[in-house]
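Trainee: I have a new model to look at and would like to learn how its labels are earned. Could we go through them together?
Mentor: Gladly; let's open it up.

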Amino acid sequence: MEELPGQGMALVRSMSEMAVIDRLDAERARLFALLGRLLSAAPDAALLDGLRRLPGDPSPLGQAYAGLAEAAARHRPEAIEREYFDLFIGVGRGELLPYASYYLTGFLHERPLADLRATLGRIGAQRAAGVPEPEDHLAFVCDVMAGLIEARFAGDPAEFFARHIKPWAARAFADLEGAGSARFYRAVGALGRIAIEIETAAAELPA
């Protein structure tokens, strides 16, 4: 694609550059969708089989994928299900409370949840029927982020990330990575932490 007269590359991209951007966005969406799925419920045998085949590479993200593949190969579904229960449900409560309200205020169902619900109303996203968790659960915001990147919702993923994920999610993933009950989920925590670091770095690049 030729540049318009008098216009630079800031306004016009080649078709090959657009394809690279599309691939990167698709990978970002898949990553956040995977995190949302793993945080919403323990993986079943079919998902674990797919995770075992995740390719790795020397990059931080590639190493995190390789770590998740190794963890999936080492643990059986029933052991991970118990681990998920201990981490997120527990008897009374789980080891972790992966909610924006808790991380930002120390309490549940606080202003961050109300702010998030207002944003969700604007972009056309809502909690599915039968889901008991409030919308500021880490799984839910990861899933919304994936939907925004894929343009399934009418909003800006960068704005959503800056307002509803960046202020707290890196700490939540780091806590998951270091949780006493975490074995398989230690690798999920590492993957999530790297994902947040990458998004944060990308947001700080010049437009």
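Trainee: Why is Glu 177 called partly exposed?
Mentor: In this predicted model, Glu 177 has a relative accessible area of 21%. Buried means under 20% and exposed means over 50%, with partly exposed in between, so Glu 177, at 21%, counts as partly exposed.

Trainee: And what makes Arg 193 partly exposed?
Mentor: The relative accessible area of Arg 193 is 24%. That value falls in between 20% and 50%, so Arg 193 is partly exposed.

Trainee: How do you know that Glu 177 and Arg 193 form a salt bridge?
Mentor: Their side chains meet with N and O 2.7 Å apart. The cut-off is within 4 Å for a nitrogen of Lys or Arg and a carboxyl oxygen of Asp or Glu, so this pair qualifies. As general background, side chains of opposite charge can pair when their charged atoms come close.

Trainee: What does the pair tie together?
Mentor: Glu 177 lies in helix H9 (residues 169-177) and Arg 193 in helix H10 (residues 184-203), so the salt bridge ties together parts that are 16 residues apart in sequence.

Trainee: Which residues are joined into one network by salt bridges that share partners?
Mentor: Those are Asp 25, Arg 28 and Glu 199. The structure as a whole holds 13 salt bridges.

Trainee: Why is the contact of Asp 49 with Arg 53 called a salt bridge?
Mentor: The closest N and O atoms of Asp 49 and Arg 53 are 2.6 Å apart, and the limit is within 4 Å, so the name fits. As for accessibility, Asp 49 is partly exposed at 36%, whereas Arg 53 is exposed at 59%.

Trainee: Where is Glu 78 found, and what makes its pairing with Arg 76 a salt bridge?
Mentor: Glu 78 is found in helix H4. The closest N and O atoms of Glu 78 and Arg 76 are 2.8 Å apart, and that is within 4 Å, so the pair counts as a salt bridge. At 45% relative accessibility Glu 78 is partly exposed, while Arg 76 has 57%, which is over 50%, so Arg 76 is exposed. The C-alpha atoms of Glu 78 and Asp 44 are separated by 8.6 Å, although the two are 34 residues apart along the chain.

Trainee: Is Thr 200 buried or exposed?
Mentor: Thr 200, which lies in helix H10, has 17% relative accessibility. Since the cut-off for buried is under 20%, Thr 200 counts as buried. Thr 200 touches Phe 161 and Lys 166, leaving aside residues up to four places away in sequence.

Trainee: What makes Gln 126 exposed?
Mentor: Gln 126 has 70% relative accessibility, which is over 50%, so it counts as exposed. Gln 126 sits in the loop between helix H6 (111-123) and H7. Its C-alpha atom is 9.6 Å from that of Phe 140, 14 residues apart along the chain.

Trainee: Which residues have the most contacts inside the largest nonpolar core?
Mentor: They are Leu 68, Leu 138, Phe 160, Phe 184 and Tyr 185, in a core of 55 residues. H7 gives the most to this core, with 10 residues. Phe 184 touches a list of residues, including Leu 38, Pro 43, Leu 68, Ile 80 and Glu 83, not counting residues up to four places away in sequence.

Trainee: What is the volume of the second largest pocket, and which residues are closest to its centre?
Mentor: The volume is about 430 Å³. Of the 22 lining residues, the closest to the centre are Ser 40, Val 131, Ala 139, Phe 140 and Asp 143. Helix H1 (15-40), helix H4 (77-89) and helix H7 (138-149) each give two or more residues to the lining, with the largest share, five residues, coming from H1. The lining divides into 13 nonpolar, four polar and five charged residues.

Trainee: How many helices and strands are there in the protein chain?
Mentor: There are 10 helices and zero strands. Of the 207 residues of the protein chain, 41% count as buried.

Note on methods: Residues are numbered from 1 along each chain as its sequence is written. This is a predicted model: local features need pLDDT of at least 70, side-chain atom pairs count only at pLDDT 80 or more; totals for chains, interfaces and linings use all residues. Side-chain values use heavy atoms; hydrogens and water are left out. Buried means under 20% relative accessible area, exposed over 50%, partly exposed in between (1.4 Å probe, protein chains only). Helices (H or I, at least four residues) and strands (E, at least two) are DSSP runs, numbered from the N terminus. On a 1 Å grid over the protein atoms alone, a cavity is a set of points where a 1.4 Å probe fits but cannot get out, and a pocket is an open set with protein on both sides within 12 Å along at least five of seven lines; lining residues have an atom within 4 Å of a point. Grid points are joined across faces, edges and corners, and a volume is the space filled by probe spheres set on the points. Ala, Val, Leu, Ile, Met, Phe, Trp, Tyr, Cys and Pro count as nonpolar, Asp, Glu, Lys and Arg as charged, and the others, Gly among them, as polar. A nonpolar core is a set of buried Ala, Val, Leu, Ile, Met, Phe, Trp, Tyr and Cys residues joined through side-chain atoms within 4.5 Å. Contact means heavy atoms within 4.5 Å.
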